[in-house]
Amino acid sequence: MSTPKDLAPTGGERDENAVISVRGLKNAFGEQVVHEKLDLDVRRGEILGVVGGSGTGKSVLMRSIIGLQTPVAGEVHVFGEPTIGREETEATNIRKRWGVLFQGGALFSTLTVAENVQVPLKEFYPNLDQALMDEIAGYKVVMTGLPADAGPKYPAELSGGMRKRAGLARALALDPELLFLDEPTAGLDPIGAAAFDDLTKALQKTMGLTVFLITHDLDTLYAICDRVAVLADKRVIAVGTIDELLALDHPWIQEYFNGPRGRAAIDSKDRQQAPAEAAQ
Ligand SMILES: Nc1ncnc2c1ncn2[C@@H]1O[C@H](COP(=O)(O)OP(=O)(O)OP(=O)(O)O)[C@@H](O)[C@H]1O
């Protein structure tokens, strides 16, 4: 077996093809150090799954990348541009190019679905004609698999799965190149979760999206992630395909991927692939 060191991001020069590049990141809350010397590259066009035990700092990492958390030290580049300490106009120009689905959808409860989708449009393009905004919102609602009549509904009138899709519609409002998803399938039933995975994969393919996806969902990792980054010991200890990670001698990685749930996810993937291969 190899060790996590073999797949650990090495820092050093930024990869020119990386959409997100993190070097030497340190985050701390008082005495509690969450990240130390964390390096990570996310390649253009990939779905990168980000996993790690609860409290290892997956959400804090995402918040550092999108500028909601100011790190103690380190550098973050997105689209080749540094994101820390930028002037407001420069930061806005970078922010326009990504969309974020926060845990739970984070919809504004007093706004309808269509109005939620229009929030980023109004923020970044305040002079857009209302009719055009309605048209864009309607298109995004349908694009995420919601019925067209979901637009005028309020979040409280939607199921959990529909709320996630509405959050995704808002994240896609500005046709982003990069999408951040924080535990998108948490709380969904297995069929709803699989459908959301399919939607994410389809969007990645059709829009050429790069996706940074935090998840605990092993089925999601197997179904749609090109590579997986593992957070432990305050940094990314390894990043690679699941097969590459499975070959690593690390207790958490072995327990996570080779434990009962990991094996069930492999079985489920094998069952899904078998009919397709038999049909060939
Ligand atoms: N604003 C904050 N103030 C103080 N501590 C924080 C803050 N945000 C996060 N933390 C702490 O940082 C650590 C990492 O939190 P984070 O939410 O990133 O974990 P996570 O890996 O996403 O966990 P989970 O899988 O449970 O969602 C936790 O110990 C958390 O309590």
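How far apart should the ends of helix α4 (residues 130-143) be at 1.5 Å a residue, and what distance separates its end C-alpha atoms? The 14 residues of this helix should span 20 Å, and the end C-alpha atoms are indeed 20 Å apart, so expectation and model agree. The model is a predicted one, and the points below take up helix α4, then the surroundings of the ligand, and finally the residue R63.

**Helix α4**
- The buried residues of α4 are I136, A137, K140 and V141, and because they fall within an arc of 135 degrees when seen down the helix axis, they line one face of the helix.
- An α-helix has 3.6 residues a turn, which means that residues three or four places apart point the same way.
- Among the elements that cover the buried residues of α4 are α3 (113-124) and α5 (160-171), whereas A131, L132 and E135 are exposed on the other side of α4.
- Just after α4, G145 adopts a positive phi of about 85 degrees.

**Around the ligand**
- The ligand is surrounded by F29, V34, G52, S54, G55, T56, G57, K58, S59 and V60, a shell that divides by class into 3 nonpolar, 6 polar and 1 charged residues.
- Helix α1 (residues 58-65) supplies the largest share of this shell, with 3 residues.

**Residue R63**
- R63 is found in helix α1, and it counts as partly exposed because it has 19 C-beta neighbours inside 10 Å.
- Leaving aside residues up to four places away in sequence, R63 touches L68 and Q69.
- The C-alpha atoms of R63 and G240 are separated by 22 Å, with the two residues lying 177 residues apart along the chain.

Note on methods. Residues are numbered from 1 along each chain as its sequence is written. This is a predicted model: local features need pLDDT of at least 70, side-chain atom pairs count only at pLDDT 80 or more; totals for chains, interfaces and linings use all residues. A residue is near a molecule or strand if its C-beta atom, placed from the backbone, lies within 6 Å of it. Helices (H or I, at least four residues) and strands (E, at least two) are DSSP runs, numbered from the N terminus. Ala, Val, Leu, Ile, Met, Phe, Trp, Tyr, Cys and Pro count as nonpolar, Asp, Glu, Lys and Arg as charged, and the others, Gly among them, as polar. The expected span of a helix is 1.5 Å times one less than its number of residues. A residue is buried if 20 or more other C-beta atoms lie within 10 Å of its own, exposed if 12 or fewer, and partly exposed in between; C-beta atoms are placed from the backbone. The arc is that of the directions from the helix axis to the C-beta atoms. Two residues are in contact if their C-beta atoms, placed from the backbone, lie within 7 Å.
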